[in-house]
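Please open the model in your viewer and keep the selection panel at hand. The stops below proceed from one selection to the next.

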Amino acid sequence: MIAFLVKRLFHALLVMFVISIIAFAIQDNLGDPIQQMVGQSVPESEREALREELGLNDPMLVQYARFAVNAAQFDFGYSYVFNQPTTEVIARHLPATLELVAASTFLIIVFSVPIGVYSAIKPRALLTRFFMSISIVGISIPVFLTAIMLIQLFAIGVSWTPFPVDTSWGNWLNELISTEGGMPAYGRGDPVTVFGTWDTNFASFKGLSYLVLPAISLASIMLPLFIRLIRAEMLEVLQSDYVKFARAKGISMRRIYFLHALKNTMLPVITVGGVQIGTLVAYTILTETVFQWPGMGLMFLDAIERSDIPLIVTYLMIVGLIFVITNTIVDLIYGLVNPTVKLTGKPS
Amino acid sequence: MTLNAVSTKKTFKKTLLASLVGASMAGAALLPMTASAETLRMAYDADPVSLDIHEQLSGGILQLSHMTHDPLVRWTQSLDFEPRLATEWEQVDDTTMRMSLREGVEFHSGNPFTANDVAWTIERLKQSPDFKAIFEPIESVEVIDDYTVEINTKEPYPLLLNLATYVFPMDSEFYSGNDEDGDPKDEIVKNGNSYASRNVSGTGPYTVTDRQQGVRTQFTRNPNYWDSESPGNVDNIILTPISENATRVAALLSGDVDFIAPVPPNDLDRVRESDDTQLVTMSGTRIIFFHMNQERVEAFQDQRVREAFAYAVNQEGIADRLMKGFATPAAQFSPEGYAGHVADLEPRYDLERAQELMAEAGYADGFDITMMAPNNRYVNDAKIAQAVAAMLARINVNVDLKTMPKAQYWGEFDDRAADMMMIGWHADTEDSANFHEYLTACQDADSGAGQYNAGNFCNPELDALIAAANVEVDREQRAEMLQQVEQTLYDQAAILPLHWQDLAWASSNRVDIEPVLNVMNFPYLGDLVVEPSE
């Protein structure tokens, strides 16, 4: 177990090292940070002085060596835009993203498991067909569009009047298809500080209301994917010999479905799920941009727009780290659910 | 008041003044205040990069300056000067202007505002990398007494009042000494954490009470604000940056914010048609145009070819269809209201004439050129470039167009990487000479002239004319010279002007934004009136 964790730690370091090299190699294509720092009419001599001060004139290798030596001491440099250590900037934006991902994950788990299992047990039911077609739509619509539609429907509100307004049934139908709006359209509102840089939206209903629309749009891609995955796995398990044997022995269907079959269904779902949660962190870039959610994704996009190279490099390294960590956790959980899997890979 | 009798001795003066001003302020505080607190929630596309108003010369910083500070004078909507912290001014001789300062003004810190602060602020501006170029003409600032300064220029300088709109006196006492890290408090640091970038003390209508960069900034009305005649009734302002256009508009339409800027052209109708919101647009002062590089393309050295390009491009079509009326077609740099604006110069779209000129110049079959434009800097920038490329195809000019994000674009621009390059320009001095100095003057690396002249146009006569205009104190005569420059640039088709980008703001109906807006896009939020909410 310890050996496994140590090995993973080296993985993480290797991943971060490779990412930092790639990020450094492409930084010339990320634009000129000086241009973003000074006004349009600043003479070239001033720009040159600033460039020299920031060490941007040094050869790439020298710049990288300087960065690597500092990074080894957990100093990843200063953000050009925020004028603060990049790690501090990221620490401030991380909780918002993690809360958003947590809320989406919650939605995904709560909805995908029952719907997936139901549509596997009753493959021909009308409701199953409904879920399946909705999930196709969900996968096909980009997050960006989903988010804009959610804002229009539930934040601004839509009033449609295709039915006559002078009749009571027409009015009733019009009201039925119109939405009131009123949900917050952007940002986190006034989150409550828990400790340090962690402000939470989970403390009050008002805070949660800010989370609803972003969390739904972030979940809109993953939820259908998980429903389909769970359904497919469950269908396969239900065909297996041990389920048939269990039925032959007369064990109640409920027990077969939810105890024996579900457990085996969840194995591949955990693997895929863990990796996908890591990907969710990447998907937040789009969601956070539309909802102006002040998390890492929005911060990263701003950093790119302003050529804030130290922040970009640190962000990429930390995302790499997050991927390694989630994968490690997935492997640990997998070992718990399925004891035949050996983490260290040695034959027992 | 007995303030004028105060001794001019520096050390003694300050303590006495503090007590005097303090006493008068205590009286003012007893005046009845508005009963309920009004909060304005507003969203811009970005928030100010720093609280140090001398760190960057940019729209965002100047918008902040007008909230936390007051300028010596400021522009009115009709581009006249309005006294603020300077109450009167007179030209003593060709190179000296004497300014009387407002008495009884207090900084947020409680320190009294005096002539020393003005001298100190201008001195600091001359140190700022971003501002030092435009403050170069100022030789020295002399403190005559507590409420009088004399500004000396190196040569006669007609734009001193324009410069005074950029002087937002800072609290010299507040920024004296060292901070906890041992760095001087008045240090201007571009990339780093300076005292001035986190702490602010001005005389303005608002103080910064909370700031999370990139998330929100909260302002609270300065209870001791000197301008008791200001109609402004907003007690708190919450500024949130929303960079995504669609979200910013949605936030206004859903009632989450009360005031947004800028309004993207595609959403103008949505905002206008909504019952709860109002839209204000103004013809802006930022000129969008193309340079035609004479060094890279020999054909551009022929005036007839440049003219042909000017005849081939339909500015009105671009403004109408592409910009949906959100732009004013231009044939010169200077927008209306500027000294150099020539009213007769109209866009000259005439395809036949363009083809004739190309034939005359021996290019009837056209030629190939490259073109570059940013795709996220100006409104519809990439689309405009495509339209211009299509229009040039009609005079057989084959355009290879490349568009890119602004972060990459400016590097290419500095390298003069294409034959035609797009740029937008707003004159920092709100004066016509500024356009020529940066954009069409003969290039000179030492003086910085023609720094953005990616067309390599060079006409020494015009440079001489501008130099003469810059020491001409007679405003009418100066305007004539500037107009002559615009006329020559037009006649010689030095550049390919397209339009002045319009400005747009939107607010909920209860916020009366129209009176506080101006073409510089510095809303005077201190004077903003909000209808009390129920």
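Two strands pair if DSSP finds at least two bridges between them. Helices (H or I, at least four residues) and strands (E, at least two) are DSSP runs, numbered from the N terminus. The model is predicted: local features need pLDDT of at least 70, side-chain atom pairs count only at pLDDT 80 or more, and totals for chains, interfaces and linings use all residues. Residues are numbered from 1 along each chain as its sequence is written, while chains are lettered from A and ligands numbered from 1 in the order in which they are written.

**Stop 1: strands β8, β9 and β10 of chain B**

Select residues 236-241 of chain B, which form strand β10, together with residues 216-221, which form strand β9. These two strands run antiparallel and are joined by 4 bridges. One pair to display is Thr220(B) with its bridge partner Asn236(B) in β10(B).

Now add strand β8, residues 206-212 of chain B, which pairs with β9(B) in the antiparallel sense over 6 bridges. Gln212(B) lies opposite Arg216(B) of β9(B). The hairpin of β8(B) and β9(B) has 3 residues between the strands, and Gly214(B) there takes a positive phi near 80 degrees.

Show the side chains of β9(B). Which of them are buried (20 or more other C-beta atoms within 10 Å of the residue's own; exposed means 12 or fewer, partly exposed in between, with C-beta atoms placed from the backbone)? Thr217(B), Phe219(B) and Arg221(B) point to one face and are buried. Arg216(B), Gln218(B) and Thr220(B) point to the other face and are not buried.

**Stop 2: the parallel strands around β14 of chain B**

Select residues 368-374 and 398-404 of chain B, strands β14 and β15, which run parallel and are joined by 7 bridges. Two pairs can be displayed here: Ala373(B) has Thr403(B) as its bridge partner in β15(B), and Met372(B) stands opposite Lys402(B) in β15(B).

Follow the backbone from β14(B) to β15(B): the path passes through helix α10, residues 381-393 of chain B, in a right-handed β-α-β crossover. Right-handed is used here for a path from the first strand over the helix to the second that runs clockwise with the strands pointing away from the viewer.

Next, add residues 420-425 of chain B, strand β16, which is parallel to β14(B) and joined to it by 2 bridges. Met372(B) has Met421(B) as its bridge partner in β16(B). Of the 7 residues of β14(B), 5 are buried.

**Stop 3: the domains of chain B**

Colour chain B by domain, using bounds that come from an automatic or database domain assignment. Domain 1 comprises 3-64 + 204-276 + 509-530, domain 2 comprises 73-164 and domain 3 comprises 284-501. The centres of domain 2 and domain 3 of chain B, taken over C-alpha atoms, are separated by 34 Å. Contact is defined by C-beta atoms, placed from the backbone, that lie within 7 Å; between these two domains it involves 10 residues of domain 2 of chain B and 11 residues of domain 3 of chain B.

**Stop 4: where chain B meets chain A**

Display both chains. The contact draws 36 residues from chain B and 39 residues from chain A. On the side of chain B, the elements that give two or more residues are α5 (245-253) and α11 (406-414). The most comes from α5(B), with 5 residues.

Zoom in on α5(B), in which 7 of 9 residues are buried. The buried residues include Arg248(B), Leu252(B) and Leu253(B). Just after this helix, Gly255(B) takes a positive phi of about 80 degrees.

**Stop 5: chain A**

Finally, select chain A, which has 13 helices and 2 strands. Its C-alpha atoms fill a box of roughly 80 × 75 × 35 Å along the principal axes, and 33% of its 348 residues count as buried.

Pick residues 143-156 of chain A, helix α7. Among the buried residues of α7(A) are Val143(A), Leu150(A) and Phe154(A). Just after α7(A), Gly157(A) takes a positive phi of about 95 degrees.

End at Gln35(A), placed in helix α2, residues 33-37 of chain A. Why does Gln35(A) count as buried? Gln35(A) is buried because 20 other C-beta atoms lie within 10 Å. The C-alpha atoms of Gln35(A) and Leu321(A), 286 residues apart along the chain, are separated by 31 Å.

Definitions and conventions: The expected span of a helix is 1.5 Å times one less than its number of residues.
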